[in-house]
Amino acid sequence: MHTESLHGVVGVEGPFVSVFLDVGEHVDLRWRAMRDQLQAQGADAYLVALAHNAITSGETPRGLAGRGLVVGGGRVLVDRYVPVPPAGYTARYGPLPYVLPLIDLSEPLLPHVVVQVDEHGADLRGVDPTGRPVAVASVGARRPDRLLDATEVADVTQEATSLVDRLDAQLLVLAGSLSGRRSLRIALPTRYHHLVVEVEGQADQAVLHLAGRANQDARRAVVERFRDESARLTGRAVHGLGAVTEALEAGRVSTLLVTDTLVGSREVEGGRADEVLPLRAIAAGAEIAVVGGAIRLHEDVGALLSG
């Protein structure tokens, strides 16, 4: 992930509250448990209140179900909605910001268009690589006593293809009833057929799985490059806390690799490794990749170095 958008956390004096949660539903209950956890950690009451105000105000944008906040220095430093919600929730209070979960959840998606259709109407959503809906539209009667007519099907098709062209979308998802999907597919110009995936019922989870191919490809490319550089013995791939820390301090890291969002409970000079190393990478303008089990890294961290 490119880290320019996280530069606001660099140089801010702690402590920090870092929270990551599913905001699809039951947000109030989830936040209550998180707030109790922060209070048990001795979190600064003002920082918790800032997080509370941010989480309880406003509505979650359509199509986005996760949210990450970092609060420090008396203000909200990072507040981002992401398409993929965390499996659980994270509430951490400490001297440094914790950004790895946000990096993991914010990895790019394939730009795509979703058409949720039934016999009475269609909802359309165009989504950019960050998971942000850039266009939302509804077409059709949306009345149970009236079916979509041929003109309205043509309108849906026109709107869908316009969104595909606008986003350079690589995926067009038709979701909903079989008859509605069939009508749209028949009406689509042939040149769009290779983009179409049909999903029965609601599309959200299936779409995230399909659109996530982009971050899978990006991770695969980073892992393959790390393997190649390691095999060539060029010195441009290192792993282990000592070597990675030294490279970050020298400003030589182009991409920081971590196995997962919790690099164990390991410590480096300055604090927890899963907080210190990403913060140094952000300060240096390096990218960060969470690579999972795709490659074994000594002490769960590695780095690709600049030439």
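Q: Before we get into the loops, what counts as a helix or a strand here?
A: Both are DSSP runs numbered from the N terminus: H or I over at least four residues for a helix, E over at least two for a strand. Keep in mind that this is a predicted model.

Q: OK, so where is H26 found?
A: H26 sits in the loop between β1 and α1, the helix covering 27–40.

Q: And what's its phi, positive or negative?
A: Positive: phi of H26 is near 55°, and H26 is a residue other than glycine. E299 also has a positive phi without being glycine, with a value near 60°.

Q: Where's E299, then?
A: In the loop that runs between β14 (287–290) and β15 (301–305).

Q: Is E299 buried or partly exposed?
A: Partly exposed, because its relative accessibility is 26%.

Q: Switching to the start of the chain: which residues does the cis peptide bond join?
A: G14 and P15, with omega at about 10°. P15 belongs to the segment before β1, which spans 16–22.

Q: Now helices. How do α8 and α9 pack?
A: α8 (residues 241–249) and α9 (residues 273–284) pack at an angle of about 30°, and their axes are 9 Å apart. Angles under 35 degrees count as roughly parallel, so α8 and α9 are roughly parallel to each other. Their crossing is left-handed.

Q: Which residues make that contact?
A: From α8 you have L241, V244, T245, L248 and E249, and α9 brings A273, L277, R280 and A281. Sorted by class, the contact has 6 nonpolar, 1 polar and 2 charged residues.

Q: What about the largest nonpolar core: which residues touch the most other members?
A: V244, V253, L256 and L277, out of 38 residues in that core. The elements giving it two or more residues include β1, β3 (75–82), α8 and β11 (253–258).

Q: Which element gives the most?
A: α9, with 6 residues.

Q: And what does V253 touch?
A: Leaving out residues up to four places away in sequence, V253 touches A247, L248, A286, A303, L304 and L305. Another core, of 22 residues, lies apart from the largest one and has V115, V139, V164 and Y192 among its members.

Q: Last one: where is S106, and is S106 buried or exposed?
A: S106 is in the loop between α3 (100–105) and β5 (112–118). S106 counts as buried because its relative accessible area is 14%. Its C-alpha is 5.9 Å from that of V82, with their positions 24 residues apart along the chain.

Terms used
Residues numbered from 1 in each chain as written. Predicted model: local features only at pLDDT ≥ 70, side-chain atom pairs only at ≥ 80, totals over all residues. Heavy atoms only, no water. Axes fitted to C-alpha atoms, helices over the stretch in contact; angles between N-to-C directions. Parallel < 35°, antiparallel > 145°, perpendicular 65-115°, else oblique. Left-handed = near helix turned anticlockwise from the far one by under 90°. Contact = heavy atoms within 4.5 Å. Nonpolar A, V, L, I, M, F, W, Y, C, P; charged D, E, K, R; others polar. Buried < 20%, exposed > 50% of the residue type's maximum accessible area, 1.4 Å probe, protein only. Core = buried A, V, L, I, M, F, W, Y, C linked by side-chain atoms within 4.5 Å.
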